[in-house]
Amino acid sequence: MPCPALPDGFDPTDPDLLHHRVPLPEFAELRRAEPVRWIPQQPGLAGFQDEGYWAVTRHADVKYVSTHPELFSSTLNTAIIRFGPHMERDAIDAQRLILLNMDPPEHTRVRQIVQRGFTPRAVRALEDNLHARAGRVVGDALAQAGPGGSFDFVTRVASELPLQAIAELIGIPQDDRAKVFDWSNKMIAYDDPEYAITEEIGQEAATEILAYAMNMSADRKQCPAEDIVTTLVAAEDEGNLASDEFGFFVLMLAVAGNETTRNAITHGMHAFLTHPDQWDLYKRERPATAAEEIVRWASPIVAFQRTATRDTELGGKRILKGDRLGLFYSSANNDPEVFDDPGVFDIERDPNPHLGFGGGGPHFCLGKSLATLEIDLIFHAIADAMPGVRLAGDPRRLRSAWLNGIKELQVTAG
Ligand code: HEM
């Protein structure tokens with residue numbers, strides 16, 4: 001029985017809705033009455049664009065679609081890292097070189113190679129360095145704010161560690177980091193007018209990162225180092241990875257690991273400050289389960305898409321070949337079929353089978369261990385150095401069709 005309560009033009013990728021509240025309260029109604037619902041194209045909305053799409057909102061269905069790449073393709077998707085609706089042909093082809101947009105068997109081949117750089121050993125090797133950096137980031141924020149002073153948590157704390165972690169992982173020298181961070185921030189085509197990122201600016205930044213990656217590859221051929229670039233360059237030499245695939249992987253890392261982790265950390269801080277019992281518990285016990293609950297609560301990626309490869313059925317609806325589907329992780333993460341009291345922020349939640357890092361299929365987030373390590377390290381550092389931190393204003397939310405972002409969060413050091 002279709003959802004009668006939802007207005008006709010309702011689109012859960014409407015930035016004007018997401019701007020105010022995530023998870024959307026309408027998800028509860030969708031999960032109950034029409035868990036797979038056709039959303040017709042809305043004029044002027046970038047969302048999943050084109051001819052409309054199916055909104056998939058139940059945990060079980062998001063998982064099903066994610067784990068059946070033969071039925072639901074990633075290659076046929078419209079671009080997520082897009083530079084506007086009028087993308088040049090070359091740029092569309094280039095999208096196919098991004099891991100997130102590949103299907104098996106190409107995806108399997110490239111993923112097997114690139115995940116060599118993300119082994120538990122590789123992530124552990126970064127731990128001491130990131131631990132020290134997390135302490136410095138929080139210490140610097142505290143020093144700049146002065147005793148009892150306020151500061152923007154997003155720029156001073158949450159942005160810094162994710163960028164440094166990727167730079168460390170890829171082996172970007174300290175002197176180049178500021179410019180790479182700048183390109184990385186520009187590459188996500190925001191729907192937020194405040195950023196004034198045009199298609200041209202986004203595309204220029206992507207071109208700069210690609211050129212930079214190619215130079216790094218040439219460098220590592222001359223002087224191998226202990227980093228992921230050297231691993232990938234070796235695969236390139238063996239003929240297993242094309243050089244443009246390598247370039248686009250670096251580009252993807254610069255986007256995938258940046259905004260997502262930044263928003264998880266910012267939402268985590270906001271959640272702690274609005275749930276003081278959980279912050280007290282965290283400071284006392286530092287439960288290892290906290291990072292996963294922060295990602296469930298934040299759902300930094302509201303939704304990703306897939307495209308049906310053939311006619312099929314989902315949630316009682318007939319899906320036609322070529323139809324697009326939006327997988328709403330933020331809805332799945334609040335599905336009461338799976339989570340007791342999903343509206344409760346509970347850092348001891350265990351088990352916590354959230355889908356914030358994806359629905360468990362071949363595209364499951366490659367950076368999950370790095371992201372949870374960063375979240376752990378930063379909150380440990382805050383609990384040590386700023387246990388009395390307080391909210392100093394309402395968060396200013398990002399206007400976006402697919403990111404659950406906070407662009408400013410004023411806090412008072414304490
Ligand atoms: C893929 C979320 C951090 C690298 C994904 C996907 C999601 C996601 C939802 C897509 C899964 C799918 O389509 O099934 C997040 C969140 C993060 C985070 C919420 C932070 C809290 C990172 C970090 C890195 C990273 C730190 C690397 C430095 C990637 C890559 C993919 C990916 C390379 C593509 C994997 C593939 O297509 O095979 N992530 N991510 N992510 N993520 Fe993350």
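# Close-up views of a predicted model

**View 1. Helix H10 meets helix H11 in this predicted model.** Met216, Ser217, Arg220 and Lys221 of H10 are in contact with Val229, Thr230, Val233 and Glu236 of H11. By class, the residues of this contact are three nonpolar, two polar and three charged. In general, a pair of packed helices is described by the angle between their axes and the distance between the axes. For H10 (residues 199-222) and H11 (residues 228-237), the axes cross at roughly 85° and come within 9 Å. The two helices, H10 and H11, are therefore roughly perpendicular to each other.

**View 2. Helix H15 packs with helix H17.** The angle between H15 (residues 290-298) and H17 is about 110°, and their axes are 9 Å apart. H15 and H17 are therefore roughly perpendicular to each other. On the H15 side, the contact is made by Ala290, Ala291, Glu292 and Ile294. On the H17 side, Thr372, Ile375, Asp376 and Phe379 meet them. The residues of the contact between H15 and H17 comprise five nonpolar, one polar and two charged.

**View 3. The surroundings of the ligand include residues from several helices.** Which residues come nearest to the ligand? Of the 29 residues around the ligand, these are Gly257, Thr260, Gly358, Cys365 and Gly367. Helix H12 (243-256), helix H13 (259-274) and helix H17 (368-385) are the elements that each give two or more residues to this shell. Sorted by class, the shell around the ligand has 18 nonpolar residues, ten polar and one charged.

**View 4. Five strands form an open sheet with mixed pairing.** The order of the strands across the sheet is E1-E2-E8-E5-E3. Strand E1 (36-39) and strand E3 (72-73) stand at the edges and have a single partner strand each, so one side of each has no neighbour in the sheet. Within the sheet, E2 (residues 53-56) and E8 (residues 324-328) pair in the parallel sense, over three bridges. Ala55 stands opposite Gly326 in E8. Helix H3 (residues 59-66) lies across E1, E2, E3, E8 and strand E5 (303-308). The direction of H3 is at about 125° to E8.

**View 5. Three strands form an open antiparallel sheet.** The strand order is E4-E12-E9. Which strands are at the edges? They are E4 (150-152) and E9 (390-391), and each pairs on one side only. Three bridges join E4 to E12 (residues 410-412) in the antiparallel sense. Asp152 has Gln410 in E12 as its bridge partner.

**View 6. Three loops hold backbone features to look for.** As a rule, most peptide bonds are trans, and most residues other than glycine have a negative phi. The peptide bond from Pro104 to Pro105 is cis, with omega near 5°. Pro105 is in the loop between helix H4 (89-95) and helix H5 (106-114). The bond from Asp350 to Pro351 is also a cis peptide bond, with omega near 5°. Pro351 lies in the loop between helix H16 (329-332) and H17. Arg286 is not a glycine, yet its phi is positive, at about 45°. Arg286 is located in the loop between helix H14 (276-285) and H15.

**View 7. The confidence of the prediction varies along the chain.** The mean pLDDT of the chain is 87, and 91% of its residues reach 70 or more. Over residues 80-89, pLDDT stays under 50. For this stretch, residues 80-89, the model has 20 contacts beyond four places in sequence. In general, predicted coordinates should not be read in detail where pLDDT is low. The scores of the model are ipTM 0.99 and pTM 0.93.

Definitions and conventions: Residues numbered from 1 in each chain as written. Predicted model: local features only at pLDDT ≥ 70, side-chain atom pairs only at ≥ 80, totals over all residues. Pairing = 2+ DSSP bridges. Helix = DSSP H or I, 4+ residues; strand = E, 2+ residues; numbered from the N terminus. Contact = placed C-beta atoms within 7 Å. Axes fitted to C-alpha atoms, helices over the stretch in contact; angles between N-to-C directions. Near = placed C-beta within 6 Å. Nonpolar A, V, L, I, M, F, W, Y, C, P; charged D, E, K, R; others polar. Parallel < 35°, antiparallel > 145°, perpendicular 65-115°, else oblique. pLDDT = per-residue confidence, 0-100.
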